[in-house]
Amino acid sequence: MTDISRDEDQRVSVQPVAIGNGAGVFDLHHPPSDELISDCVHCGFCLPTCPTYALWGEEMDSPRGRIYLMKLGKEGKVPLDDTYTQHFDMCLGCMACVTACPSGVQYDKLIEAVRPQLERNRRRSLTDRLFRGMIFALFPYPSRLRVAAVLGELYRRLGLRSLLHRTGLVSLLPRRLQAVEALMPPAKLRHLATRTPAVTLAVGTTRRRVGFLTGCVQRVFFADVNQATVRVLTAEGCEVVAPPTQRCCGALSEHAGREPEALDRARGLIDAFAEVEVDTIVANVAGCGSTLKEYGRLLRDDPDYADRAAAFSAKVQDVSELLAELGPVAERHPIEARLAYHDACHLGHAQGVRSQPRDVLRTIPGLQVTDIPEAEICCGSAGIYNLVHPEPAEELGRRKVDNVLSVKPDALATANPGCLLQIRRYWPGELPMFHPVELLDASIRGVDPIAAATARSGRPRLDARTAEPGSF
Amino acid sequence: MTTYTEEYRELVAETPRGAVTAAFREEVAAVVSPGGLISEPAQLHTYECDGLTGYRVTPALVVLPATTEEVAAVVRLCARHRIPFVARGAGTGLSGGALPVADGIVIGLARMRKMLSVDVDNQRAVVQPGVTNAGISAAVGGHDLYFAPDPSSQIVCTIGGNVAENSGGAHCLKYGFTTNHVLALTFVTPDGDVVTLGGDSTDQLGPDLRAVVLGSEGTLGIVTEITVRLLRRPEAVRTLVADFPDAEQAGNAVSDLVAAGIVPAAVEMLDELAIEACEKAVQAGYTLGSPAALVVELDGVEAEVEEEFERVQEICRRNASTHIRIAGDPVERAKVWKGRKAAFAAMGRISPDYFVQDGVIPRTKLGSTLTRIREMSDAAGLRVANVFHAGDGNLHPLVLYDAAVPGQAEQAEHLATAIVELCVEQGGSITGEHGVGSDKACSMVKMFGPDDLTVMARIRAAFDPQGLCNPGKVLPTPRLCGERPGPYRPHPLESAGIIERL
Ligand SMILES: Cc1cc2nc3c(=O)[nH]c(=O)nc-3n(C[C@H](O)[C@H](O)[C@H](O)COP(=O)(O)OP(=O)(O)OC[C@H]3O[C@@H](n4cnc5c(N)ncnc54)[C@H](O)[C@@H]3O)c2cc1C
Ligand code: SF4
Ligand code: SF4
């Protein structure tokens, strides 16, 4: 596996670090810009929505503090050591601070400038490198994920999982591996063989020709969401093109600061879609969609790709954006239920897409869509965050679950598989969980998956806590 | 005439201090819960300023205690080793009140953020100091109760900071400042004793020490529990935004409102620049390009509110209002307020840097003061945006500048100072609600004579004889303020016989 050592590839050839070059502890390859840093007026309005500030109440783990640390770094006043980098590692990249900031500080651009700097200019501990190496050698590769999924299923079906849990042996695993173990979704084996067809024709008149990003984790573990997406899009008059050559979009790498890897993947995806003529490129995973929309900026230095990337990004829409824009044509059947809608950070904060998924869900008769208290605070999933920082992720996960519980929903919908797995992990009982398009698909097809799930398991056990009580 | 008395000099004289050593750090670590000690230089740097970034001092240590007992234990260690300490809430203060002291420690209350109890029947709650202002209202909202003081920073600032600054907000015209809504305090004195000030009712026997601590800007001790008064949500609330052709006419409308016997819940004014910034930040629906806008809110009993609301509109029209927008529902109303409350922070949208100034003028001088400010702004070649609580004459001019242009920061600072001094000249005050802190300590001599300052210093010394609790704030340090920063002149209200100095 050559990928384990990819960490080394994160080094690009840039001028070496030298204090006094104007970039302080950073190298000269896109250090966080002084202009963006100076937009922050230190008012603190971003503190209450920052998940790490909510957990620890520490200035250096708040957006304001992190921007201050960037400024100190730029001035060369602090060393680029573990203490310094830890506070950026702890940032979930949820972008709640971007939404909260009245001064329009672009923290997204700032943190995306800092992360690659840290990946390049600081060496992580061996175990950290190995663990991250494993993640990045696995997740972006659907073929490898499928193998892992089969192994995971065997582990479950052979009773190994319950054995490990019954005997408490699981607690002997390092925290991070425990997190992987617990978050690994059950794979439906029949889905592992499912592929999205290269072209699916619209039902009735074609209103739009759209490209569809099938995703890597999505493709393997949430193949039914992809199928539902294609069915809904075609029912609403879209011809759906899913280039079979497409691979990982690079979102996970980009959020982790693995810039060269992310850029390679971005170029690859642009190439994969170059063949097809589409008006819109649709993503149904919030984290991927937000990165696709960033391609223009990511590849700004690449003379061969800069323009194509910008044109690509301009076409990208989340599936709910597209559906809201098109307006419904297919008939909906009622789903009588109370649905909690959870804003995935990479949809709400990073893409500003909040009303569209709600509006689209509200086209379903009988469905009562409710918001969750503290909706702006991240659930702790955040890309690979819940794998590399399991403790804070767990606190945030439990906090989110408590907030969802408080609105007593029959089901939950969210547009990101990461959030779904995270909330499911800490949910005390059974709660039917969906991607919004799955509910639309069901409504168009005239089935009621919430009633079905409730009948299967009895009422969702809202009060019975199988897990230890949350501490909030 | 001297600026300071001999007694004052002695009372505020800097006393010998201890140093934060490794041994002291260990002692502190032993009395706070795990994770409550911050000592890495990079981390300490992030605590070096509050909402006023012009002043910076890196503390030697930051402590984040979890309980009153921990606060008291840390303060006792400071007292024993003569280490100065500064309390910090959310660090949104605009006068450098939470600015650390060199070689001192910062005691951050951000981890003490529990609602301890809510007494719905008696409309009271006991909260820890790190709970945010808006957090209190959110926690009791289900009972139809709320905490009335509403500083614009309410989503982030802490109740501890509100108590220290005696903060107010748009609605203090009708409902008063923090002091009117705090019944009792659990308070750690500078020698580490835990005492209760005030009680469950507003009627106190003996001197009201609670009131002394309210607004003392963290210079008398640390507040660790607050019993707040909660109000019932009013039956009806009506809000409008009226545009005016100039600030003078908007000011006249405010005077007419008050003269008509109407007590609005809030009257806020924004000028053209402020409107531009707010709209850029939150698209609250203010009219871009309008030279001035008033936000007027009425609340109370339905019938009365409806009737007065009509009269308010009529008064606005009489004063040449060009457009009146009425918030149709709670969502629109919330938007209007979100725009207004984001005003300071939103200045970042129209200027790289700015100074927020805070002064009070008699309401009747509103128009003329604004005209003077405009002249001063033109003369200095710097833009000044104005946002203020028009109802009680609390002015917030924002001096916009660009720190990257050499000399502009100093120029802006001069203009900002000249503006507050203008307020005093007009018979007003150097601060309405943002406090004196580090920023305005030297300006205190413009408002107070030597005897006033001496009395204040005595009170402070009675609480804090060692001078360790937030030293250098509020009261001017003669050495730092220059021995003679201009002679004391009696306050215009004093000369006019309206106020009297005791
Ligand atoms: C955008 C913006 C808008 C603002 N609008 C308003 C407004 O409308 N009205 C208004 O009044 N203010 C306003 N302010 C100023 C500020 O928010 C208030 O002064 C607020 O009360 C400060 O609270 P804090 O928790 O941030 O305190 P900090 O800034 O951390 O501290 C302020 C002072 O209180 C002391 N202190 C803090 N906690 C304690 C404690 N537990 N015990 C003893 N002393 C303590 C500190 O030592 C310091 O002197 C605004 C600030 C900003 C940035
Ligand atoms: S990032 Fe925005 S909200 Fe946060 S402190 Fe800076 S200016 Fe204020
Ligand atoms: S991105 Fe999220 S975790 Fe990071 S600083 Fe902003 S609010 Fe905090």
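Two strands are said to pair if DSSP finds at least two bridges between them. The close-up views below show a predicted model.

**Figure 1. A mixed sheet of four strands in chain B.** The strands of this open sheet follow the order β1-β2-β4-β3, and their pairing is mixed. Strands β1 (37-38) and β3 (85-88) of chain B lie at the edges, where each pairs on one side only. Within the sheet, strand β2 (residues 61-63) and strand β4 (residues 105-108) of chain B are parallel and are linked by three bridges. B:V62 has B:V106 in β4(B) as its bridge partner. In general, strands of a sheet pair through backbone hydrogen bonds, in either a parallel or an antiparallel manner.

**Figure 2. A parallel sheet of four strands in chain A.** This sheet is also described as open, and its strand order is β7-β6-β8-β9. Its edge strands are β7 (367-370) and β9 (433-434) of chain A, each with pairing on one side only. Strand β8 (residues 411-414) of chain A runs parallel to β9(A), and two bridges connect the two strands. Which residue of β9(A) stands opposite A:L412? The residue in that position is A:M433.

**Figure 3. The surroundings of ligand 2.** The shell around ligand 2 holds 13 residues. Those that come nearest are A:C40, A:C43, A:G44, A:C46 and A:C101. By residue class, the shell consists of nine nonpolar residues, three polar residues and one charged residue.

**Figure 4. The surroundings of ligand 3.** Chain A supplies the residues listed around ligand 3, among them the cysteines A:C50, A:C91, A:C94 and A:C97. The list further includes A:P51, A:P63, A:R66, A:L92, A:G93, A:M95 and A:Y107. In this shell, nine residues are nonpolar, one is polar and one is charged.

**Figure 5. Two domains of chain B and their interface.** The domain assignment divides chain B into domain 1 (115-232) and domain 2 (235-437). The contact involves 14 residues from domain 1 and 20 residues from domain 2 of chain B. Taken over C-alpha atoms, the centres of these domains are 26 Å apart. The size of an interface is often expressed as the accessible area lost when the parts come together. Here, the two domains of chain B bury about 1,400 Å² between them, and carbon and sulfur atoms give 47% of that area. On the domain 1 side, B:S152, B:L173 and B:K174 lose the most area to domain 2, together 40% of what that side buries. How many salt bridges cross this interface of domain 1 and domain 2 of chain B? The rule finds two salt bridges. B:D150 and B:K341 form a salt bridge in which the closest N and O atoms are 3.2 Å apart.

**Figure 6. The interface of chain A and chain B.** In this view, 31 residues of chain A are in contact with 35 residues of chain B. The area buried between the chains is about 2,500 Å², with 57% of it on carbon and sulfur atoms. Two salt bridges are counted between chain A and chain B. The side chains of A:E58 and B:R111 meet in a salt bridge, with an N to O distance of 3.0 Å.

How values were computed
Residues are numbered from 1 along each chain as its sequence is written. Chains are lettered from A and ligands numbered from 1 in the order in which they are written. This is a predicted model: local features need pLDDT of at least 70, side-chain atom pairs count only at pLDDT 80 or more; totals for chains, interfaces and linings use all residues. Side-chain values use heavy atoms; hydrogens and water are left out. A residue is near a molecule or strand if one of its heavy atoms lies within 4 Å of it. Ala, Val, Leu, Ile, Met, Phe, Trp, Tyr, Cys and Pro count as nonpolar, Asp, Glu, Lys and Arg as charged, and the others, Gly among them, as polar. Domain bounds come from an automatic or database domain assignment. Contact means heavy atoms within 4.5 Å. Buried area is the accessible area (1.4 Å probe) that two parts lose on being put together, summed over both. A salt bridge is a side-chain nitrogen of Lys or Arg within 4 Å of a carboxyl oxygen of Asp or Glu.
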